[in-house]
Amino acid sequence: MATKQIVSPLPGTFYRKPAPDKPVYKNDGDTVAAGDVIGLIEVMKSFNEVKADAAGKIVRFIAENEEPVMAGQPLAEIEA
Amino acid sequence: MAIQKLLIANRGEIAVRIIRAARELGIATVQVHSKADADSLAVKLADEAVDIGPPHAAKSYLNKDAILSAAKATGADAIHPGYGFLAENAEFAAAVEAAGLVFVGPTADSIRLMGDKVAAREAAQKAGVPTVPGSQGRLETAEAAFAIVEKTGFPVMIKAAAGGGGRGIRVARSADDFAQLMPQAQAEAKAAFGDGGLYVEKLVEGARHIEVQVLGDGRDVVHCFERECSLQRRRQKVWEEAPSPSLRQEARERICQSAVALAKAVNYRGAGTLEFLFDDLTQEFYFLEMNTRIQVEHPVTEMITGIDLVREMILIAGGEPLRLRQHDIKRKGHAIEVRINAEDPSKNFMPHPGTVAALGVPGGYGVRFDSLLYPGYTIPPFYDSLLGKLIVWDEDRPAAIRRLDRALAELEIGGVQTTKPLHQALARDADVQAGRFHTSWLEPWLERRATSLGASSAAAPAVATAPATPAATATGGQRPMTTRYSFGGDEHIFVEVDEAMSLEAFFKSLFITNAVREAKIKGVTEICPANASFQIKYDPDQIKPNDMLAEVKKLESAAEKAEPVIKTRIIEVPVYYQDPWTHETLMRFRERHQDPKGTDIEYAARVNNLADPAAFIKAHSGAPWFVSMVGFVAGLPFLYQMVERKRQLEVPKYLRPRTDTPKLTVGHGGCFGCIYSVRGAGGYQMFGVTPMPIYDPSQKISYLRDFMCLFKPGDIVRWKPITREAYDQAVADVDAGRFAPRIANITFSLAEFNRDIDGYNRKLEGALNGN
């Protein structure tokens, strides 16, 4: 089985939840469909959704909630 | 006790501003910063710097304990909070004072009082300052509501007490309206929120935002006149100025006196701003809220009064009484500030952090640039997008706007998209120049111009939808062109030959790209001319970016000396104007058009002062058009009418773009014509269709066998109006492989063209008949 990474499209802060008091979008081990939101990147106070580009199973999140990330940095690993 | 060492609990341009003021007062500075700001300009300028935590503001700039520890460790005796972050946090102000330090701002009690909307409104009323008329609290009965509107007059807003965020708001414009809406609103509020309580408040339509700057020392208060900040997007100020262009002297005195009365009533200390809604028709104003801190737009007040507000607030915090009496404070001239944000105005203001490749800072008399930038600085993505503020002063408002436009042209922030094009368009807008705007003015204006505010690239044609500017109306090369170069990564050079489209600029760009092609420079992989600009793609392994740039500059100076003559083609394009297919489409999207009751061509005739569609067709097909660029979608030619700038047809684009346009539609937006090479979305006006395909990726059509696109930049188009019969015949001929476009090879001389435009055009068209 091939694993691939979902990378951050933008530099900014990575969030795994839609709001601080909400549950995370996805957990390690969850299955995702292409287009599912797995997190948010906050860049200069605007929020951008990060979506899975293919269906599969999330092996693990590499970036932590509220972690500063650079563009191209891996956020999660997916098993297709 | 004068301050000896000041800690700045903020970042960005305001931190730089505070460090400068402190240094001039002989005060040492400590800059606290997050890990992401270690190489910020403020850190470089300050005497000392302390890392207070991770990039996330909650863990650094909002971390009160970390900031207080940094103050203790460095021996700072005062903290300046700037704006935002902890500037209006009463607990922080109290904690600073409890730690035995000076808080550069008002007391914690003042912050608390003014931060509570209801308490602030009550304080205003007690001080005799007008607030938006309406009910003091919730209204339970219809009788009580009627008693209120008798006093406020109409229109009024009816708001659900339990609603919020705009929900449950109704507008009543008359007593009849009100009688009908009130019970409805009550029933709805009860159903939606389980609470039928309502508020009623006067609706001030087309209101402006005016604010008054005050300085206080806890005993006395003076005002430094007003600022107007009505140009806002999503409640964020975009352009601020002083004095207000809409406030009459008598109202100015009243509003400033009100501000002083309220600030005195709360024993205000430091610099503060009282915000008002202002109705320019009645010259009435209503207190909204007070900001208990220095504001982003404070420089415009400094420029018209000559008072350094940040210096004054530091002196006051150090215990000095106000140095200024009201009669010492005079205003002179006009100042404007525009916010330069790292946002792309052509892409819905998408944030654009990045590295500052080059920095050109405007200068000259009456120009000031307060920013966080230096060349090579990487703008972090974690904070707001304000990069700096360009502030200009001149003797009156029209002169200040001209100076702003001049200074914006000098401002260059390479490598980052900014709001500079927005401000250039605003400075050239007739309504802005006349001061005709209010707080809801900018957003619809932006919607109409969504894509035309790009700095460059594929969206460039729409730049022409901006109204004619002094630059755009100049022709014949009286005005020197200013060429700009920028790198796109290490594979592209983008060159803007001039700021505005003109035949001269187009020619120059065509010349340089032809020269680049002929020079056969090793490593060049693609050459793309576009209107008044061009882009060159190259392989950085074969030629270094700086060497490529040097080559282009060399060819550019050669192009300037060359006689502007090109060998090109004139192509006849048959057009069936006012055809049924574009008509069907334009009717389908009518609600997106400026004139929902008419057709595109009727509207185009009217805005060009032509009697009717027939007169418009005559003007449209009466002169040839240059293909200034091919692209946007494959094979689509952008066309520039070959007449003097003032005679060119100009039609704005649709208010909102369509999702459909028939293939081969002859369109128009701004001063550019086009032919839609394929079916698809579009925002240009639609005048007709051509039967002649101009793009064929299968390369089966006889005249598109060698290359799938008919047009290339530099081609000249001659429209030929045709009837339905001729259209049908041409379509049949195309299908049968019999159709051959009428094309003639010609030589075009810009100098000869400029000597006798109409005569030269007739000569060009004659070539189609073998003359």
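**Entry 1: Terms and model**

I take helix axes as lines fitted to C-alpha atoms over the stretch in contact, with angles running from 0 to 180 degrees between N-to-C directions. I note that I am working with a predicted model.

**Entry 2: A helix pair in chain B**

I looked up how helix α4 (residues 90–98) of chain B lies against helix α5 (residues 108–115) of chain B, and I found that they pack at an angle of about 175 degrees. Their axes are 8 Å apart. Angles over 145 degrees count as roughly antiparallel, and α4(B) and α5(B) are therefore roughly antiparallel to each other. I then listed the residues that make the contact: α4(B) contributes B:Ala90, B:Ala93 and B:Ala94, while α5(B) contributes B:Ala108, B:Ile111, B:Arg112 and B:Gly115. Sorted by class, the contact of α4(B) with α5(B) holds five nonpolar residues, one polar residue and one charged residue.

**Entry 3: Chain B as a whole**

I recorded 24 helices and 32 strands for chain B. Chain B has 771 residues, and I find that buried residues make up 46% of them. I also checked the contacts in chain B with a separation of 6 or more, of which 66% are accounted for by residues 24 or more positions apart.

**Entry 4: Chain A as a whole**

I turned to chain A and found zero helices and eight strands. Reading along the sequence, I noted the pattern β-β-β-β-β-β-β-β. Chain A has 80 residues, of which 32% count as buried. For contacts in chain A between residues at least 6 apart in sequence, I noted that 58% join residues at least 24 apart.

**Entry 5: A sheet in chain A**

I traced an open sheet of four strands in chain A, in the order β1-β8-β6-β3, and its pairing is antiparallel. I marked β1 (3–7) and β3 (31–32) of chain A as the edge strands, each of which pairs on one side only. I next examined how β1(A) meets strand β8 (residues 74–79) of chain A: the two run antiparallel and are joined by five bridges. Within chain A, I located A:Lys4 opposite A:Ile78 in β8(A).

**Entry 6: Where the chains meet**

How many residues does each chain bring to the contact? I counted eleven residues from chain B and nine residues from chain A. On the side of chain B that touches chain A, I classed eight residues as nonpolar, two as polar and one as charged. I add that the size of an interface is often given as the accessible area lost when the parts come together.

Technical notes
Residues numbered from 1 in each chain as written. Chains lettered and ligands numbered in written order. Predicted model: local features only at pLDDT ≥ 70, side-chain atom pairs only at ≥ 80, totals over all residues. Pairing = 2+ DSSP bridges. Buried ≥ 20, exposed ≤ 12 C-beta atoms within 10 Å, placed from the backbone. Contact = placed C-beta atoms within 7 Å. Parallel < 35°, antiparallel > 145°, perpendicular 65-115°, else oblique. Nonpolar A, V, L, I, M, F, W, Y, C, P; charged D, E, K, R; others polar.
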